[in-house]
Amino acid sequence: MSPAQTRGTAPGEGRPARVVVLDHGSGNVRSVVRALEAAGAQVALTADREQALAADGLVVPGVGAYAATVEQIRAVGGDRLIERRLAGGRPVLGICVGLQVMFDAGDEHGERSVGLAQWPGEVTRLEASVVPHMGWNTVEAPEGSALFAGVDHERFYFVHSYAARRWEMEPIGPMKAPLVTWAEHDGDRFVAAVENGALCATQFHPEKSGDAGSVLLANWLRTLPRYDQEGAA
């Protein structure tokens, strides 16, 4: 890889990607900011509507409970920001519970919470002898994955008790089908990442995944169109 590619700047681009990490009260966001900066992005931690809409990419982090994360995102208008960005084809990346809330719903402790409904399906508790699933694990990335280019055989860091254990989105006409990456914990298979047009997400923490996570973030940054202040690419 060239230095530009490693740092997440597309060949020929004159500036780094501008990324907003949505500040909705999630813990551990500073490590996400630092990891994106190390991968070559200019990063702002904010819930400001104009900055979030104008950014080349929006990152939606999340840790802890599904219901609380959805509530926090909605409290800062994050659900509307995500909807508007995706309607315009502007990239969004969810991390950990930031992946989970993109599904229709989450079931925690017998209580069902409505999610952001970008993808059909429900997040449920892992069926494993040891929960949470905590530590390093390999993934099964599909052919043609942009996120996992060069790191499809590496390990990534997971910390979670719940997951999307099925993929329920049906193919829609000629539209390109999402690329779904899988992982397995104690025999229970679950969604580890999704690449669905402008919307990508990972169940694992790229910011805690060492060199492999850095490469994955740089891969995502290289996919981002560079927008001017008026919103044109």
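Arg165 counts as partly exposed at 23% relative accessibility, a class that lies between buried (under 20% relative accessible area) and exposed (over 50%), computed with a 1.4 Å probe on protein chains only. The model is predicted: local features need pLDDT of at least 70, side-chain atom pairs count only at pLDDT 80 or more, and totals for chains, interfaces and linings use all residues. Residues are numbered from 1 along each chain as its sequence is written, and side-chain values use heavy atoms, with hydrogens and water left out.

**Salt bridges**

The side chain of Arg165 meets that of Asp188 in a salt bridge, with 2.9 Å from N to O. This pair links distant parts of the chain, as Arg165 lies in the loop between strand 10 (162-164) and strand 11 (179-185), whereas Asp188 lies in strand 12 (residues 188-196), 23 residues apart. Asp188 is buried, with a relative accessible area of 8%. Glu127, Arg165 and Asp188 form one network through salt bridges that share partners. A salt bridge here is a side-chain nitrogen of Lys or Arg within 4 Å of a carboxyl oxygen of Asp or Glu. By this rule there are 8 salt bridges, including those tabulated below.

| Salt bridge | Closest N to O distance |
|---|---|
| Arg165 and Asp188 | 2.9 Å |
| Glu122 and Arg112 | 3.0 Å |
| Glu50 and Arg49 | 2.6 Å |

Arg49 is partly exposed at 43% relative accessibility. In another of these pairs, Glu122 and Arg112 form a salt bridge. Glu122 belongs to strand 7 (residues 119-125) and Arg112 to strand 6 (residues 111-114), so the pair ties together parts that are 10 residues apart in sequence. Glu122 is partly exposed at 28% relative accessibility, while Arg112 is exposed, with a relative accessible area of 55%.

**The sheet of 7 strands**

Helices (H or I, at least four residues) and strands (E, at least two) are DSSP runs numbered from the N terminus. Two strands pair if DSSP finds at least two bridges between them. An open sheet of 7 strands has the order 2-1-3-4-13-12-11, and its pairing is mixed. Strand 2 (42-46) and strand 11 are the edge strands, each pairing on one side only. From one strand to the next, the twist averages 25°; axes are lines fitted to C-alpha atoms, for helices over the stretch in contact, and angles run from 0 to 180 degrees between N-to-C directions.

Helix 5 (residues 78-87) packs on this sheet and touches strand 1, strand 3, strand 4 and strand 13 (199-202), contact being heavy atoms within 4.5 Å. The direction of helix 5 makes about 140° with that of strand 3.

Strand 3 (residues 57-60) is covered on both faces, with Gly57 and Val59 buried on one side and Leu58 and Val60 buried on the other. Strand 1 (residues 18-22) runs parallel to strand 3 and is joined to it by 3 bridges, and Val21 has Val59 as its bridge partner. Strand 3 also pairs in the parallel sense with strand 4 (residues 92-95), again over 3 bridges; here Val60 stands opposite Gly94. Strand 11 and strand 12 pair in the antiparallel sense over 7 bridges, with Val194 in strand 12 as the bridge partner of Val180.

**The sheet of 4 strands**

Another open sheet contains 4 strands in the order 6-5-7-10, also with mixed pairing. Strand 6 and strand 10 stand at its edges with a single partner strand each, so one side of each is left without a neighbour in the sheet. The twist averages 20° from one strand to the next.

Strand 5 and strand 6 are antiparallel over 4 bridges, and Glu108 stands opposite Glu111 in strand 6. Helix 4 (residues 66-75) packs on the sheet, touching strand 5, strand 6 and strand 7, and its direction makes about 135° with that of strand 5. Strand 5 (residues 103-108) runs parallel to strand 7 with 3 bridges between them, whereas strand 7 and strand 10 run antiparallel, also joined by 3 bridges.

**Nonpolar core and helix 7**

A nonpolar core is a set of buried Ala, Val, Leu, Ile, Met, Phe, Trp, Tyr and Cys residues joined through side-chain atoms within 4.5 Å. The largest such core has 66 residues, of which Val19, Leu36, Val59, Phe148, Phe156, Trp220 and Leu221 touch the most other members. Helix 7 (residues 210-223) gives the most to this core, with 6 residues. The buried residues of helix 7 include Leu216, Leu217, Asn219 and Trp220.
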